[in-house]
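Student: I would like to go through this structure with the reasons behind each label. Please show it to me.

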Amino acid sequence: MDTRESPELTEFRMTIRAWLEKHAPSKLSSDPYDYRGLDGALFSHEWFKLLGREGFLAYNWPKEYGGPGYSKAQQLVFEDEFRRMHVPLPYSFGLSLLAPPLMQFGTDAQKRRFLPPIGRHEEIWCQGYSEPNAGSDLASLQTRAVLDDAGRNFIVNGQKIWTSAANMAQWIFLLVRTDQNAPKQKGISFLL
């Protein structure tokens, strides 16, 4: 197997490397367990905003949803250069957990409304999966959602815990039980 980069891929690598050498902050660490306190979280927030303005935050998204449309090889090079510089790869609940199912299953209106601000780090999302007495055992979900009388809005009743980044988030996505009669592993919906 030939693992040499094409001249085009090497040129792409040099472009990403030059940008990172100019803009990558020295205060960030790619170690996810390196505690930086609240100041570190705010600093990462500013870094992700810069990546969003440059179109780098959603580096693995297709162009049609606001990403750069990089090939798989370009995505690997992009990730390799971030690791080489010891800066964290773009990650957030919105980017990684919400955007992929939204791209696949969301309505056109939802995609237009939510994907651009996620890709620019203008709206932060947290997840609502875990519950008291259930942890992350999704089959034990007790939080319920029922459509209102008009059939337009869900009324949600229950509790969620461990909502990481909730202190910075403007939005939450939830897993809720919408079919009480379905087997435990079914009847669960993903709500924005």
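**Labels and their reasons**

Tutor: The residues lining the second largest pocket divide into seven nonpolar, two polar and no charged. Here Ala, Val, Leu, Ile, Met, Phe, Trp, Tyr, Cys and Pro count as nonpolar, Asp, Glu, Lys and Arg as charged, and the others, Gly among them, as polar. This is a predicted model, in which local features need pLDDT of at least 70 and side-chain atom pairs count only at pLDDT 80 or more, while totals for chains, interfaces and linings use all residues. Residues are numbered from 1 along each chain as its sequence is written, and side-chain values use heavy atoms, with hydrogens and water left out.

Student: What makes a space a pocket, and which residues line the second largest pocket?

Tutor: On a 1 Å grid over the protein atoms alone, a pocket is an open set of points with protein on both sides within 12 Å along at least five of seven lines, whereas a cavity is a set where a 1.4 Å probe fits but cannot get out. Lining residues have an atom within 4 Å of a point. L98, P101, L102, F105, G106, Q110, F190, L191 and L192 meet that for the second largest pocket. The elements that give two or more residues to this lining are α4 (93–105) and β5 (188–191). The largest share, four residues, comes from α4.

Student: How many helices and strands are there, and what makes a stretch count as one?

Tutor: Helices (H or I, at least four residues) and strands (E, at least two) are DSSP runs, numbered from the N terminus. The chain has five helices and five strands, in the order α-α-α-α-α-β-β-β-β-β.

Student: How do you know whether the span of α4 agrees with its number of residues?

Tutor: The expected span is 1.5 Å times one less than the number of residues. For the 13 residues of α4 that gives 18 Å, and the end C-alpha atoms are 17 Å apart, so the two agree. For the twelve residues of α5 (108–119), the expected span is 16 Å and the end C-alpha atoms are 16 Å apart, which also agrees.

Student: Where does α4 bend?

Tutor: The bend at a residue is the angle between axes fitted to the seven residues ending there and the seven starting there. In α4 this angle is about 40° at A99, and a proline, P100, follows within four residues.

Student: Why is A99 called buried?

Tutor: Buried means under 20% relative accessible area, exposed over 50%, and partly exposed in between (1.4 Å probe, protein chains only). A99 has 0%, so A99 is buried. Beyond residues up to four places away in sequence, A99 touches W61, G94 and L115, where contact means heavy atoms within 4.5 Å. A99 and W61 are 38 residues apart in sequence, yet 8.9 Å apart in space, C-alpha to C-alpha.

Student: H86 and H121: which is buried and which is exposed?

Tutor: H86, in the loop between α3 (72–84) and α4, has a relative accessible area of 52% and is therefore exposed. H121, in the loop between α5 and β1, has 7% and is therefore buried.

Student: What is unusual about phi in these residues?

Tutor: Most residues other than glycine have a negative phi. H86 has a positive phi of about 60° although it is not a glycine. Phi of H121 is also positive, near 60°.
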